[in-house]
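Reader: I have a model open on my screen and would like to know how the labels people put on it are earned. Could you take me through the reasoning?

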Amino acid sequence: MRNHRTILVTGGAGFIGLNLIQYFLGNHPHYHIINLDKLTYAANMTELEKLKAHSNYQFIKGDINDRALLEQLFSDHGITDVIHLAAESHVDRSIEAPDVFIQTNVHGTFTLLDVAKKHWLDMRNDQKCRFHHISTDEVYGSLGQDGFFTEHTAYAPNSPYSASKAASDFLVRSYFHTYGLNTVTTNCSNNYGPRQHSEKLIPTIIRKAVKLERIPIYGDGKNIRDWLFVLDHCRGIDLAFHKGKAGETYNIGGKNEHTNIEIATTLCGILDEIAPEYKKGTRISSYKELISFVSDRPGHDRRYAIDASRIEHELGWKAEEGFESGLRKTVEWYIHENQQSKPT
């Protein structure tokens with residue numbers, strides 16, 4: 001594959017996108033990165049601003065549903081590859097407003113695929129150009145107490161969010177099998193780490209704790225997720241993008257299965273150790289006392305767990321960040337940010 005590439009990264013102002021762009025700029029300085037993002041509520045403007053220092057990076061505000069804009073980007077910049085992260089991703093929001101998820105995740109992915117096909121195959125028959133689609137383990141539905149999601153697990157999405165991502169996965173698959181587009185798909189488990197949006201579980205627990213507010217945990221708290229440190233995910237994307245077989249799917253998971261209540265308890269223990277000042281003068285001896293169970297959300301999958309053996313064996317990937325160390329790095333970052341935001 002080519003050495004000099006112009007990669008269009010969609011959704012690069014979000015949590016995973018920002019980390020991925022920073023990773024690529026550091027590890028592939030000869031690539032030119034164009035970041036396309038429409039800057040929704042989930043965009044991290046502070047971290048986005050820091051990327052401007054790189055001469056081989058450019059930000060463009062725009063929507064993946066805007067075909068005219070995509071056509072212009074592909075023509076003007078000679079886009080050679082796409083890493084597609086742009087998506088609405090919060091399950092609770094998908095329950096409240098599913099139409100936004102269908103528009104962005106399904107129609108937006110179709111538009112991006114169709115423009116890529118036109119410019120790479122129809123116009124110049126360049127089969128080296130790669131379309132890398134980033135997806136989720138939620139497309140597989142819910143596991144029982146045993147077993148793991150593999151690349152051959154049947155899709156069984158249970159929320160509007162996961163259904164929209166499943167549809168986008170199938171669209172990517174169809175463009176490979178029907179048109180020969182050079183696609184690869186990666187399905188990841190729950191990402192965590194510094195800079196994640198506050199609506200996600202781990203940032204919510206930290207944010208609520210330091211504000212001495214009730215920490216909401218759905219149902220009985222025993223829903224299980226497989227947690228993946230975001231930089232481990234970036235390394236997996238890098239390997240799949242460069243070495244993955246065309247038309248194939250690779251699951252990326254951290255082998256860190258924990259219940260939601262375990263996550264909350266562990267985070268509160270870390271906060272008790274490194275940030276006791278927020279509870280000084282209160283009646284609580286531990287942030288764990290703030291944990292509160294709330295009504296479960298509709299369609300709440302019981303357990304996710306990924307078998308990442310394919311990407312490990314075929315591409316040489318493995319998770320490097322330990323879960324305890326990753327959580328501690330995450331807590332330390334949020335505490336630092338909270339202290340920085342306080343008025344002097």
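Author: Gladly, and let's begin with strand E4, residues 81-84, in this predicted model. Asp81 and Ile83 lie on one side of E4, Val82 and His84 on the other, and all are buried.

Reader: What makes both faces of E4 count as covered?

Author: In a regular strand the side chains alternate between the two faces of the sheet. A residue is called buried when its relative accessible area is under 20%. Asp81 and Ile83 meet that on one side and Val82 and His84 on the other, and with both sides buried, both faces of E4 are covered.

Reader: Which strands pair with E4, and in what sense?

Author: Strand E1 (residues 6-10) pairs with E4 in the parallel sense over four bridges, with Ile7 opposite Asp81. Strand E5 (residues 130-136) also pairs with E4 in the parallel sense over four bridges, and there His84 stands opposite His133. Two strands are said to pair when there are at least two bridges between them, and four bridges satisfy that for E1 with E4 and for E4 with E5.

Reader: What is the strand order of the sheet that holds E4, and why is that sheet called open?

Author: The order is E3-E2-E1-E4-E5-E6-E10, seven strands with parallel pairing. Strand E3 (57-61) and E10 are the edges; each has a single partner strand, so one side of each has no neighbour in the sheet. Neighbouring strands here are turned by 20 degrees against each other on average, direction ignored.

Reader: Which strands make up the sheet with mixed pairing?

Author: That is an open sheet of three strands in the order E7-E9-E11. Strand E7 (190-192) and strand E11 (257-259) each have a single partner strand, so each is an edge with one side left without a neighbour in the sheet. On average, neighbouring strands of this sheet are turned by 50 degrees against each other, again ignoring direction. E7 pairs with strand E9 (residues 224-229) in the parallel sense over three bridges, and Asn190 faces Trp227 in E9.

Reader: I always check cysteines before choosing a buffer. How do you know that Cys188 and Cys234 are not bonded?

Author: A disulfide needs two cysteine sulfur atoms within 2.5 Å. The closest cysteine sulfur to that of Cys188 is in Cys234, 10 Å away, so it is too far for a bond. Seen from Cys234, the closest sulfur is that of Cys188, also at 10 Å. By this rule the count is zero disulfides.

Reader: Are those cysteines buried or exposed, and why?

Author: Buried means under 20% relative accessible area. Cys188 has 7%, so it counts as buried. Cys234 has 0%, so it is buried too.

Reader: What makes Leu212 and Lys255 stand out in their backbone angles?

Author: Each has a positive phi without being a glycine: about 60 degrees for Leu212 and near 55 degrees for Lys255. Leu212 lies in the loop between helix H7 (201-210) and strand E8 (215-218), and Lys255 in the loop between E10 and E11.

Reader: Why is Leu212 called partly exposed and Lys255 exposed?

Author: Exposed means over 50% relative accessible area, buried under 20%, and partly exposed is in between. Leu212, at 31%, is therefore partly exposed, while Lys255, at 58%, is exposed.

Reader: What makes one space a cavity and another a pocket?

Author: In a cavity a 1.4 Å probe fits but cannot get out, whereas a pocket is open. The search of the whole structure finds one cavity of 30 Å³ or more, and the largest cavity holds about 50 Å³ of space. Among the residues lining the largest cavity are Glu138, Arg225, Arg297 and Asp301. By class, that lining has two nonpolar, four polar and four charged residues.

Reader: How many residues line the second largest pocket, and which element gives the most?

Author: The lining has 17 residues, with Glu151, Tyr155, Arg173, Gly247 and Thr249 nearest the centre of the pocket. Helix H6 gives the most, five residues. The volume of this pocket is about 330 Å³, and its lining divides into five nonpolar, seven polar and five charged residues.

Note on methods
Residues are numbered from 1 along each chain as its sequence is written. This is a predicted model: local features need pLDDT of at least 70, side-chain atom pairs count only at pLDDT 80 or more; totals for chains, interfaces and linings use all residues. Side-chain values use heavy atoms; hydrogens and water are left out. On a 1 Å grid over the protein atoms alone, a cavity is a set of points where a 1.4 Å probe fits but cannot get out, and a pocket is an open set with protein on both sides within 12 Å along at least five of seven lines; lining residues have an atom within 4 Å of a point. Grid points are joined across faces, edges and corners, and a volume is the space filled by probe spheres set on the points. Helices (H or I, at least four residues) and strands (E, at least two) are DSSP runs, numbered from the N terminus. Ala, Val, Leu, Ile, Met, Phe, Trp, Tyr, Cys and Pro count as nonpolar, Asp, Glu, Lys and Arg as charged, and the others, Gly among them, as polar. Axes are lines fitted to C-alpha atoms, for helices over the stretch in contact, and angles run from 0 to 180 degrees between N-to-C directions. Buried means under 20% relative accessible area, exposed over 50%, partly exposed in between (1.4 Å probe, protein chains only).
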